[in-house]
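Trainee: I would like to go through this structure one site at a time. Please end each answer on the name or value I ask for.

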Amino acid sequence: MMKTNKYRKITFEEHFMTPGFEEYSKVFIKHLKPEMLAKLSAQLNDIDEIRIAEMDKHGIDYSILSQTGPGVQGEQDLSRALSQAQRSNDYLAEKIHNHPTRFGGFASLPMHDPKLAAQELTRAVKELGFKGALVNGHTHGTYYDGVQYDEFWACVQELDVPFYLHPADAFVFPQVFDNHPEIRGAAWGWGVETASHALRLLFGGVFDRFPSAKVILGHMGEGLPFIPWRLDNRFSAYPFGVHLERSPSEYLGSNILITTSGVCAAAPLKCALAEMGAEAVMFSVDYPYEDTETAVNFIDSVDIEEDVRSMICHGNAELLFKL
Ligand code: MN
């Protein structure tokens, strides 16, 4: 029996593990305590039992699922990256097929090669019915702002699906994190890495060349909602020859959208709404790394206008994913 909430809930930073992908994730999960790891593995490996029970318990209607990090971004070999992405996408499609009203899919993509990534995104969207892609950050230190990725962004724009830029470890950890593993990962460093990648896309002109391309950031925008004024102000002082068609802040909330995943605090949400607009903020949990009940209770009770709550919980996602 599904819990009935005031508002329908859609979530889309929700992760699973394709059988055989555990090796890629060892870099992250080796730090977990054994009992936490056992629970996490059971949750990641499951699609249709533990997960649906959890969704029902907390009134989550529909989830778009993605392979947990780093996935194929952790694969060194290009041809294997392609075959593994295809295999993961086919596996997910088969699982979704059993519960088409509860699950959608985000594609894994071999970003090692922009042409192959575009081809696999096209296949995933057109043949498997996926809703977009979720990519776990850089691919061995390559970021996606270079002109060699233009054909990929052209494909994203043409298919009219969003690209979820999910965190990963920095390719090389900056010295500032030396002897501080507790801040170089999920607590802080992933946000710095991922926000910086998003800013590379923005200042690299990706959204000038592909004005309707949409990139989603999790974790309340990885800190970016706090800094639009400073971005505009300091970019005008130090442009380094970079020309953008709009001021940096104008891409935030139009080309760059965010989810609330993993941030259940009123002040950052209100900042994000004020800086990016209510149309740009969407609910998500980051299952199974974050607690569904905490996320749902937060979004149901935080002090915001009811029409805004409805947009965050489901309305914006329905428009974005054409649900
Ligand atoms: Mn996540």
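Trainee: Which helix holds Ser-88, and is Ser-88 buried or exposed?
Mentor: This is a predicted model. The relative accessible area of Ser-88 is 1%, and buried means under 20%, so Ser-88 counts as buried. Its helix is H4.

Trainee: With which side chain does the side chain of Ser-88 make a polar contact?
Mentor: Leaving aside neighbours within four places in sequence, Ser-88 is in contact with Phe-16, Thr-18, Phe-21, Gln-67 and Ser-108. The polar contact between side chains spans 2.7 Å, and the partner of Ser-88 is Thr-18.

Trainee: Where is Glu-120 placed, and what is its relative accessible area?
Mentor: Glu-120 sits in helix H5, residues 114-126. Not counting residues up to four places away in sequence, Glu-120 touches Ala-85, Gln-86, Asn-89, Ser-108, Leu-109 and Pro-110. Glu-120 is classed as buried because its relative accessible area is 2%.

Trainee: Which residues are the protein donors of the manganese ion?
Mentor: Along the chain, the donors follow the spacing E-x1-H-x150-H-x119-D. They lie 2.0 to 2.3 Å from the ion: Glu-13 (OE), His-15 (NE2), His-166 (NE2) and Asp-286 (OD).

Trainee: How many residues apart are Glu-13 and His-166?
Mentor: Both are donors of the manganese ion. Glu-13 belongs to strand E1 (residues 10-16) and His-166 to strand E5 (residues 163-166), so this pair links distant parts of the chain. Glu-13 is buried at 0% relative accessibility, and His-166 is buried at 7%. The separation along the chain is 153 residues.

Trainee: Which members of the largest nonpolar core touch the most other members, and which helix gives the most to this core?
Mentor: The largest nonpolar core has 86 residues, and those touching the most other members are Phe-12, Leu-121, Phe-152, Trp-153, Phe-163 and Leu-269. The helix that gives the most to this core, with 6 residues, is H14 (residues 306-321).

Trainee: What is Trp-153 in contact with, leaving aside its neighbours within four places in sequence?
Mentor: Trp-153 is among the core members that touch the most others. With the sequence neighbours left aside, its contacts are Tyr-144, Phe-163, Leu-201, Val-206, Phe-210 and Val-215.

Trainee: How many residues are in the second, separate core?
Mentor: This core includes Met-17, Tyr-24, Val-72 and Trp-190. Its residue count is 10.

Trainee: Which residues of strand E7 point one way, and which the other way?
Mentor: Strand E7 covers residues 256-259, and the four residues named here are all buried. Ile-256 and Ile-258 point one way; the other way point Leu-257 and Thr-259.

Trainee: In E8, which residue is the bridge partner of Thr-259?
Mentor: On one side of the pairing list, strand E6 (residues 215-217) runs parallel to E7 and is joined to it by 3 bridges, with Ile-216 opposite Leu-257. E7 also pairs in the parallel sense with strand E8 (residues 281-282), over 2 bridges. In E8, the partner of Thr-259 is Met-282.

Trainee: Through which helix does the chain cross from E7 to E8?
Mentor: The connection is a β-α-β crossover, and it is right-handed. The helix is H12 (residues 266-276).

Trainee: What is omega for the cis peptide bond that joins Tyr-287 and Pro-288?
Mentor: Most peptide bonds are trans. Another cis bond runs from Gly-69 to Pro-70, with omega near -10 degrees, and Pro-70 is in the loop between strand E2 (62-67) and helix H4 (78-97). Pro-288 lies in the loop between E8 and helix H13 (292-301). For the bond from Tyr-287 to Pro-288, omega is about 0 degrees.

Trainee: Is Asn-179 buried or exposed, and what is its phi?
Mentor: Most residues other than glycine have a negative phi. His-140, in the loop between strand E4 (132-136) and helix H6 (150-159), has a positive phi of about 50 degrees and is partly exposed at 26% relative accessible area. Asn-179 is in the loop between E5 and helix H7 (181-184), and its relative accessible area is 75%, so it is exposed. The phi of Asn-179 is positive, about 65 degrees.

Key
Residues numbered from 1 in each chain as written. Predicted model: local features only at pLDDT ≥ 70, side-chain atom pairs only at ≥ 80, totals over all residues. Heavy atoms only, no water. Buried < 20%, exposed > 50% of the residue type's maximum accessible area, 1.4 Å probe, protein only. Contact = heavy atoms within 4.5 Å. Donors = N, O, S within 2.8 Å, 3.2 Å for Na, K, Ca; no water. Core = buried A, V, L, I, M, F, W, Y, C linked by side-chain atoms within 4.5 Å. Pairing = 2+ DSSP bridges. Right-handed = clockwise from strand over helix to strand, strands pointing away. Polar contact = N/O pair within 3.5 Å; in protein donor to acceptor, adjacent residues only side chain to side chain.
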